[in-house]
Amino acid sequence: AADLTPIPGAYLATYMDTATELSFMTQPTDQYAVLPAPGDPFLSHDFSTDDGGFTVENSGEPPAGWEPWVYNATEGEWGALGANNPDCGGPWDSRLTSPAYTVSADGDVTLSFTHRYRFEGDLWDGGQVWFSVNGGDFTPVYPENFLANGYAEGTIIGNGILNGQRAFNGDSPGYETGELITSTVSLGSFNE
């Protein structure tokens, strides 16, 4: 069921009779691995001084009360309130797009962003992170590439552009009290 969550590994264990004799039939061989380097941030923006050069694109004719992405200079943040009308119909979407960024060195690129969200629950609406490489088409990041605070389990079932896809859904943890979460996702390996 969609409301079930996996049991964290910290609560799982196996039991073994301590009187059992354990021996290796074949000696294990050395295994080599490279630990990932922590990496250096090549861009950080907190929106407290400006909108970061982000742009907004909306689709369709929105219903009354629908609020797309808007930059709030007083609060130093971007926000989208969507529609507070339960009979809004749709679909409508609002896209917030960053300026193009140039990778400054070869290697893996990770995106971290601090945010909070509230989408119609039960997988009806959602939000996604998309990216484009060298001006190509925008594509959504893979749900399995999230390293922290990724998409909800299950796929969106509403009639919007995210139908059948994984996305942020429902309320982020601590949403009601104004808490922010940091989501981190691997975008892949790129060349300078």
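This passage describes the salt bridges and one strand arrangement of the structure shown above. The model is a predicted one.

Three strands come together in an open sheet, with the order E7-E11-E10 and antiparallel pairing. Strands E7 and E10 occupy the edges, and each has a single partner strand, so one side of each is left without a neighbour in the sheet. Averaged over the sheet and with direction ignored, neighbouring strands are turned by 25 degrees against each other. In general, the strands of a sheet pair through backbone hydrogen bonds, in either a parallel or an antiparallel manner. Here, the antiparallel pairing of E7 with E11 extends over 9 bridges. A handy place to look at this pairing is Thr-110, which stands opposite Ser-186 in E11.

Turning to charged side chains, the structure holds 3 salt bridges. One of them joins Arg-118 to Asp-171, with an N to O distance of 2.9 Å. This contact links distant parts of the chain: Arg-118 belongs to the loop between strand E7 (107-115) and strand E8 (130-131), whereas Asp-171 belongs to the loop between strand E10 (146-148) and strand E11 (181-190), and the two residues are 53 residues apart. Arg-118 is partly exposed, at a relative accessible area of 43%, and Asp-171 is likewise partly exposed, at 37%.

Arg-118 also forms a salt bridge with Glu-176, and the closest N and O atoms of this pair are 2.2 Å apart. Here too, distant parts of the chain are linked, with Arg-118 in the loop between E7 and E8 and Glu-176 in the loop between E10 and E11, 58 residues apart. Glu-176 has a relative accessibility of 61%, and because the cut-off for exposed is over 50%, this residue counts as exposed. Taken together, Arg-118, Asp-171 and Glu-176 are linked in a network of salt bridges.

A further salt bridge brings together the side chains of Arg-166 and Glu-153, at 3.7 Å from N to O. Both Arg-166 and Glu-153 lie in the loop between E10 and E11, so this pair ties together parts that are 13 residues apart in sequence. Arg-166 counts as partly exposed, with 24% relative accessibility, while Glu-153 counts as exposed, at 55%.

Definitions and conventions: Residues numbered from 1 in each chain as written. Predicted model: local features only at pLDDT ≥ 70, side-chain atom pairs only at ≥ 80, totals over all residues. Heavy atoms only, no water. Salt bridge = Lys/Arg side-chain N within 4 Å of Asp/Glu carboxyl O. Helix = DSSP H or I, 4+ residues; strand = E, 2+ residues; numbered from the N terminus. Buried < 20%, exposed > 50% of the residue type's maximum accessible area, 1.4 Å probe, protein only. Pairing = 2+ DSSP bridges. Axes fitted to C-alpha atoms, helices over the stretch in contact; angles between N-to-C directions.
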